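Below are my notes on the model, set out as numbered points. Please read them beside the sequence and the structure.

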Amino acid sequence: MRLLFSIGAVLVAGVLAGGDVAGIAAQGPKFEPLENQPQRLAADKDAQTVDVELILAVDVSYSMDMDELAVQREGYALAIQSKEFLQALKLGPNGRIAVTYFEWAASSDQKIIIPWRLIDGPETADAVAAEIMKTPIRRASRTSISGAITFAMPLFDEDPYRGLRRVIDISGDGPNNNGIPVTVARDAALEKGIVINGLPIMVKEPSYSTMDIDNLDFYYEDCVIGGPGSFVITIKDRDKFKEAIRTKLLMEVAGRMPERPVMRVADKEPRVSCMIGEKIWSDRWGR
């Protein structure tokens, strides 16, 4: 089941306003553990079990301006420190998650900002947030969502923790235009039991210079995300940046989905070509 909704449609608004996150925990079906979870845990009995192994993969391509990059970075730090996030953390069966944070651009350009860290309360959350904020902001060329997914997959094998769920959280403001097709990378991750969620950033009008597209939210839903309960939260208002990131992380930690998501009918042709980014690049540069 895939989910697509804008930040304005998320029904955890009461939680974000200071309500009880237990309402989310009581709603909707729980995610089932990965099919190979018993084998994973048996193979590494010394690993500490966490509720989710969460990879935050953040776009730093040149189409993102410096203000967007700063707000995005701050949004993740504030979300991890928020009382709603910490409350959701406590409600998990283990009360802890493992997180790593990396930035990406071209297919060969990924930089780990935060190696795997355990978050089990305010102190560890504050430490991770501080690490995120102290790293200088950078920008780089090209947009390779497929490269980010391919880079992320083996990170789960390096994680000293073992999660009941494994999630890659992709944020970006444009389609894949470099590396292997995004659907090839996505399908490889899904075969490993990994869930991919998306945060398409649509705060600027698409333009030839940035190679952005209309309906980036459709592109993310049809071409990028996948796995049980996968979802997209779209940011169309710069002022909603931090709120959207907080909502997304809250839902990923709680392992829940919105009560009334806007859903598309499955098994149909993509509404936006999954090769649109590559086509735009080829039309512009002739390669």
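1. Helices H4 and H5 are oblique to each other, because the angle between them falls in none of the other classes (under 35 degrees is roughly parallel, over 145 roughly antiparallel, 65 to 115 roughly perpendicular, and the rest oblique). The axes of H4 (residues 66-81) and H5 cross at roughly 50° and come within 5 Å. Here axes are lines fitted to C-alpha atoms, for helices over the stretch in contact, and angles run from 0 to 180 degrees between N-to-C directions. H4 contributes Ala79, Ile80 and Gln81 to the contact, and H5 contributes Lys83, Phe85 and Leu86; contact means heavy atoms within 4.5 Å. By class, these residues are four nonpolar, one polar and one charged. Ala, Val, Leu, Ile, Met, Phe, Trp, Tyr, Cys and Pro count as nonpolar, Asp, Glu, Lys and Arg as charged, and the others, Gly among them, as polar.

2. On the basis of these notes: this is a predicted model, in which local features need pLDDT of at least 70 and side-chain atom pairs count only at pLDDT 80 or more, while totals for chains, interfaces and linings use all residues. Residues are numbered from 1 along each chain as its sequence is written, and side-chain values use heavy atoms, with hydrogens and water left out.

3. H4 also packs on helix H6 (residues 122-134), at an angle of about 175° and with the axes 8 Å apart. That angle makes H4 roughly antiparallel to H6. On the H4 side the contact involves Arg73, Glu74, Tyr76, Ala77, Ile80 and Gln81, which meet Ala125, Asp126, Val128, Ala129, Ile132 and Met133 of H6. The contact of H4 with H6 has eight nonpolar, one polar and three charged residues.

4. H5 (residues 83-91) has a further partner in helix H11 (residues 241-254): the two pack with their axes 9 Å apart, at an angle of about 5°. H5 is thus roughly parallel to H11. Glu84, Phe85, Ala88 and Leu89 of H5 meet Arg246, Leu249, Leu250 and Val253 of H11. This contact of H5 with H11 has six nonpolar and two charged residues, and no polar ones.

5. Gln87 lies in H5. How much of Gln87 is exposed? Gln87 has a relative accessible area of 29% and is therefore partly exposed; buried means under 20%, exposed over 50%, and partly exposed in between (1.4 Å probe, protein chains only). The C-alpha atoms of Gln87 and Leu250 are 9.2 Å apart, although these positions lie 163 residues apart in the numbering sense of separation along the chain.

6. Strand E4 (residues 97-104) is mostly covered, with eight of its eight residues buried. Ile97, Val99, Tyr101 and Glu103 point one way, Ala98, Thr100, Phe102 and Trp104 point the other way, and all are buried. In a regular strand the side chains alternate between the two faces of the sheet.

7. E4 pairs with strands E3 and E5; two strands pair if DSSP finds at least two bridges between them. With E3 (residues 53-59) the sense is parallel, over seven bridges, and Leu54 has Val99 of E4 as its bridge partner. With E5 (residues 110-119) the strands run antiparallel, and seven bridges join them. Bridge partners in E5 include Ile112 for Phe102 and Lys111 for Glu103. A hairpin of five residues joins E4 to E5.

8. Which residues of helix H12 (residues 276-285) are buried? They are Gly277, Glu278 and Trp281. These residues lie on the same side of H12, because they cover an arc of only 100° around the axis; the arc is that of the directions from the helix axis to the C-beta atoms. Lys279 and Asp283, on the other side of H12, are exposed.

9. In helix H9 (residues 182-191) the buried residues are Val182, Ala185, Arg186 and Ala189. Seen down the axis of H9, they fall within an arc of 100°, so they line one face of the helix. Gly193, just after H9, takes a positive phi of about 80°.

10. For the chain as a whole, the secondary structure comes to 12 helices and nine strands. Helices (H or I, at least four residues) and strands (E, at least two) are DSSP runs, numbered from the N terminus. Of the 287 residues, 54% count as buried. Among contacts with a separation of 6 or more, 83% are between residues 24 or more positions apart.
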